[in-house]
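Q: Please take a close look at one part of this structure: the helices and how they pack. Walk through it piece by piece.

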Amino acid sequence: AVVSTQSGHYGRAEFPNTLEDLGIISEEKITVSNDIITIYFKPTITHCSLATMIGLCIQTKLQRELGQENKIDVFVEPGFHEKEESVNKQINDKERRAAALEDPSLLAMVEECLAEPEY
């Protein structure tokens with residue numbers, strides 16, 4: 001399976017940036033071993049309020065593209081968020097992810113993040 005660093009867009013439509021453009025994810029922080037994909041991402045600031053949302057978007061995009069046969073772990077890169085443990089727990093807990101995606105406003109944010117920009 002190919003895992004791309006183009007896992008979503010961030011910001012306003014008139015200034016579309018990928019997570020890679022912003023230095024949030026990079027190829028060297030992605031590992032694939034058997035059916036386990038592990039991604040470490042680096043929020044733009046240590047108190048980033050969107051860290052959980054960014055992780056949820058990465059997780060959702062990969063689940064949709066690669067299916068359920070792969071285990072996908074998404075983590076904040078160690079030392080890059082003041083609530084790293086809490087963010088990691090939220091992103092990687094299936095029940096919490098499912099609950100977040102059932103919330104219409106959160107789902108809309110995820111869909112906006114994952115939508116391809118119109119140039």
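A: Helices and strands here are DSSP runs, at least four residues for a helix and at least two for a strand, numbered from the N terminus. The model is predicted.

Start with α1, residues 51-66. Its axis and that of α2 come within 9 Å. They cross at roughly 30 degrees, and angles under 35 degrees count as roughly parallel. The crossing is right-handed. On the α1 side, the contact uses Ala51, Thr52, Gly55, Leu56 and Gln59. On the α2 side, Val87, Gln90, Ile91 and Asn92 take part. Four of these residues are nonpolar and five are polar, with no charged residues.

Now α1 against α4, which spans residues 104-114. These helices pack at about 70 degrees, with axes 10 Å apart. Angles from 65 to 115 degrees count as roughly perpendicular, so α1 and α4 are roughly perpendicular to each other. α1 passes α4 in a right-handed crossing too. From α1 come Met53, Leu56, Cys57, Thr60, Lys61 and Arg64. From α4 come Leu106, Leu107, Met109, Val110, Glu111, Cys113 and Leu114. By class, this contact has nine nonpolar, one polar and three charged residues. Leu56 of α1 serves in this contact and in the one with α2.

Next, α2 (residues 84-92) and α3 (residues 94-102). Their axes lie 5 Å apart, at an angle of about 75 degrees. The two helices are therefore roughly perpendicular to each other. Lys89, Gln90, Ile91 and Asn92 of α2 meet Lys94, Arg96 and Arg97 of α3. Charge is well represented in this contact: four charged residues, two polar and one nonpolar. Gln90, Ile91 and Asn92 also belong to the contact of α2 with α1.

Some of these residues turn up again around the second largest pocket. That pocket holds about 250 Å³ of space. α1, α3 and strand β5 (71-76) each supply at least two residues of its lining. Gln59, Thr60 and Gln63 are among the lining residues, as are Lys71, Ile72 and Asp73. Asn92, Lys94, Arg97 and Leu101 line the pocket as well, along with Gln68 and Asn70. Six lining residues are polar, four are charged and two are nonpolar.

Three lining residues tie back to the α2 and α3 packing: Asn92, Lys94 and Arg97 line the pocket and sit in that helix contact. Gln59 lines the pocket and joins the contact of α1 with α2. Thr60 lines the pocket and meets α4 from α1.

Key:
Residues numbered from 1 in each chain as written. Predicted model: local features only at pLDDT ≥ 70, side-chain atom pairs only at ≥ 80, totals over all residues. Heavy atoms only, no water. Axes fitted to C-alpha atoms, helices over the stretch in contact; angles between N-to-C directions. Parallel < 35°, antiparallel > 145°, perpendicular 65-115°, else oblique. Contact = heavy atoms within 4.5 Å. Nonpolar A, V, L, I, M, F, W, Y, C, P; charged D, E, K, R; others polar. 1 Å grid on protein atoms, 1.4 Å probe; cavity = no way out; pocket = protein on both sides within 12 Å on 5 of 7 lines; lining within 4 Å. Points joined across faces, edges and corners; volume = space filled by probe spheres on them. Left-handed = near helix turned anticlockwise from the far one by under 90°.
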